[in-house]
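Reader: I would like a close look at one part of this model. Please take the open sheet in chain A, then move outward to whatever surrounds it.

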Amino acid sequence: MTAWNLRPIASALWRNRTGAMLVAFQIAIGLAVLVNAVYVVKQRVDKINRPNGMDVENIFVIASAGFAKDFDYETSWREDLATIRGLPGVKAASLVSNIPLSGGGSSSGFMAQPGEINPETAVDGNTFDIDEQGVAALGVTLAAGRAFEAHEILPATDAFDTAPQAIITKPVAKELFPPNGDALGKTYYDALNKPITVVGVIENMHGSWVGWDKLDHVMLFPRIKSGPNGVYMVRTEPGRREAIMRTVEERLGTSNPGRLLRWVRPLTYFEKQSYLSDRNMAIFLVSVTSALLAITALGIFGLATFNVSTRIRQIGTRRAVGARRLDIVRHFLVENWMVTTAGVVAGCGVALAIGYWLSVQYELPRLDLYYLVGGALGIWLIGLFAALQPARRASAISPAVATRTV
Amino acid sequence: MFGYYLQLAIRNLRRNPGLTALMIGAVALGIAVCVMTLTLYRAMSGNPIWWKNDVLFAVTLDGWDPKQPANEDKPELPPWQLTYRDAMAVMESDIPKHKVIMHKAVGVLSLENQSVKPERALTRVTTSDFFAVFDVPFQYGGSWAPEADRGPEPLIVLSKKMNDKVFGGANSVGRGIRWEDREFRIVGVLDHWLPLPIFYDVNNGSLEEPEDVYIPFGWNAAMELNSAGNTNGWKPEDIKTYQEFINSESIWIQMWVELPDDASRQRFQAFIDNYVIRQKQAGRFQRPLNNRLTKVDQWLIDNDVVENDDRVLVGLAFAFLAVCLLNTVGLLLAKFLNNAAITGIRRALGASRRQVFFQHLVEVGVISSIGAVVGLVLGGLMLMGLRALYTLDPTDGGGTQALAHVDVTSVVTALALALFATVAAGLYPAWRIGRIPPAVYLKAQ
């Protein structure tokens, strides 16, 4: 490899090793942070983008609170639902006991066989009370069976209670009736041994808590939400959500002085809020990592510039004795590549150590080695670009400098 | 001498404006990211009542399901709230200096004359000691008497924010206000109070603001109030009436006590253990005896208020600062060596190594001071950006408002840290330049 002159380059570098070592350290930290940040961001983005089974974009939620002494909950929700359902562009509207993806909800243990409930074998279900338009208002796809019928809807009750019928999601069906989750028409039991018949199976639907590992374990019961606070879920035709929200706010805001219209919000509001910390972590990691890489690139650039400026005469001399411009560029790029490589080698170790720590903290699979390879390639590229301008400036030095005294 | 060094430093910095800007930029960015991350970290997981950490305890009793722990990830912990009946029973003890049982509720606040739009307000239903236990400051008036909890008497305390909204900030003590369908009399108005994270009730996120309304504890039974926080149960119970609910195994009450010394702490621990043993004899509390008095700092860890994400952020901030410092060292070294010829002449003319060292250290000081100022401004901008990230609906308060409050302590900490680190980073280059033998540079001339 005499043509590449690795030996003299390395020895020149070794004579001024402090600056090079500082840059190598920066590169090591930069690589370690880059690799692990990309890994964590990928996990978060995957989590945020999971399909939730609902027609989220076209759904909004209304919360009403009755507070007056003479407030009549039943009259109020009947009027409200009639008003909402009568609006053009509304596909369906239903009272709901809790809002999916909102972080608020209720869950309970259920059993395939009657008897005393055993936490080991109980199947967890995130329960929601809806009415006959509930399935349509959620916009979920039924894999089997049907939605609730009006005569099945039970009156409101203050206590937690199940109902004789339920619509469940596929993952619950699989757990209750293994192995293939053939649940339609079958019966399961709540913690108080009340039997529940499955009338429908939902392909996929997410429940209340996005951080729960059983997020897709949802059960819908035919029951009116308990008063005096009503929560309505409304699904509109595509693109008409905003306009209908405004109309509903106007109509319901003034229709009854004994209650307060708390808010009217799109379902995406709750989705965003639930994933807010994941989204923010991703944004934060991406911006801090970019800034860190930018600073590292500046460090590389600074080192190369310094090396060029302290060796102007030597460069001139080399040019004068026959080195081409390309040789000069190559000299500085190779020198820089050596520093980068030292940093990358050290960085791989640091990256793996941090990756191990993260996998323990977050209970994630160990860092994928592809990320390491990608990160190293990325750092090499960044190093190359950062050193390119100083190297080209060096090649522009005139051979005549060699003849000058200063 | 210092003035002369300062002059020299400024002249040197002006000589290569590009390099100087690069250095200041690196220092500023490092400081900005540190200020932002530490502020976020403190808001999320700092101990907002550290001065009472040794005397303030959360009370938890393990009466959960004999077949499984309340929190499967941390099976050693009792459930994080109490049942109504246990809270009432433990509250009988007169060992603690202060004690409070409480829960969150929601009520519509309105005025008789309807001059202000009715509003739903988060409300803390609490015994009278709440304000003493957590050192809550009052702007007007004060708490209600302990007897008012039992009555219960229709007395109410408003937050500063609510009083500003409803009464325009005037002293409203003695005036009436309607909560749900009942008339209450205002006895106190709080001063500004924003404990972050909100440690005394960790049920619904830790970046919430404190409640806007406080009413005596007895009103939950009198008005059949449910918790607006979390209510959790393990036992299949057929609950139909409110009486059945408050006698059930559902947990929904938070309890805190102030125990001024070890002796009182041991006595109170013995008191709750004895209570649970008596309950065991009556057939309840079938899990191993596990009743805890938890300090605030441990409480925040137990309840996952200090999250993994927060720790990762702090790690990242330090990695970032490290890179910025390495960068600064490298750039300083390059800059000083660039001027080595001049330093050589100074040395030849009689400047000592010590003087050269201090001259360069002053230069480092100038760079890091400018960097700190720029960094603070940048950090402020980043915090505003962060606030925007956490804001979904500008009209609703909660966590987003909380981040707007820039924590002086964390800013000062981060700033001191960054300044100290930058000057430390300058030590090596300043020393190195002093070691240069003057003859080399004189020869080259």
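Author: What follows starts at the sheet, moves to the chain contact, and ends in chain B.

The model is predicted. In chain A, 4 strands form an open sheet. Their order is β2-β10-β1-β11, and the pairing is antiparallel. The edges are β2, residues 90-95, and β11, residues 259-266, of chain A. Each of these two pairs on one side only. From one strand to the next, the twist averages 20°.

Now the β2 edge. β2(A) is joined to β10(A), residues 229-236, by 5 bridges. The two strands run antiparallel. A:Val90 has its bridge partner in β10(A), namely A:Thr236.

Next, the helices on this sheet. Helix α3 of chain A, residues 73-85, packs on the sheet. α3(A) touches β1 (59-66), β2, β10 and β11 of chain A. The direction of α3(A) makes about 15° with that of β10(A). Helix α7 of chain A covers residues 267-274 and lies across β1 and β11 of chain A. α7(A) runs at about 70° to β11(A).

The β11 edge leads to the other chain. Here 41 residues of chain A are in contact with 36 residues of chain B. On the chain A side, the elements giving two or more residues are α2 (17-48), β11, α7, α8 (276-309) and α10 (325-362). α8(A) gives the most, with 16 residues. By type, the chain A side divides into 26 nonpolar, 12 polar and 3 charged residues.

Cross to chain B. The domain assignment gives domain 1 (2-46 + 308-444) and domain 2 (50-302). The centres of the two domains, taken over C-alpha atoms, are separated by 47 Å.

Helix α11 of chain B spans residues 308-338. α11(B) has 31 residues and reaches 45 Å from its first C-alpha to its last. That is close to the 45 Å expected at 1.5 Å a residue. Why is α11(B) largely enclosed by the rest of the structure? Because 23 of its 31 residues are buried.

Last, a strand with two partners. β4 of chain B, residues 119-126, is mostly covered, with 6 of its 8 residues buried. β4(B) pairs with β3(B), residues 98-110, in the antiparallel sense over 8 bridges. In that pairing, B:Gly107 has B:Ala121 as its bridge partner in β4(B). β4(B) is also joined to β9(B), residues 213-216, by 4 bridges, and these two run parallel. There, the partner of B:Val125 is B:Ile215 in β9(B).

Key:
Residues numbered from 1 in each chain as written. Chains lettered and ligands numbered in written order. Predicted model: local features only at pLDDT ≥ 70, side-chain atom pairs only at ≥ 80, totals over all residues. Pairing = 2+ DSSP bridges. Axes fitted to C-alpha atoms, helices over the stretch in contact; angles between N-to-C directions. Contact = placed C-beta atoms within 7 Å. Domains from an automatic or database assignment. Expected span 1.5 Å × (residues − 1). Buried ≥ 20, exposed ≤ 12 C-beta atoms within 10 Å, placed from the backbone. Nonpolar A, V, L, I, M, F, W, Y, C, P; charged D, E, K, R; others polar.
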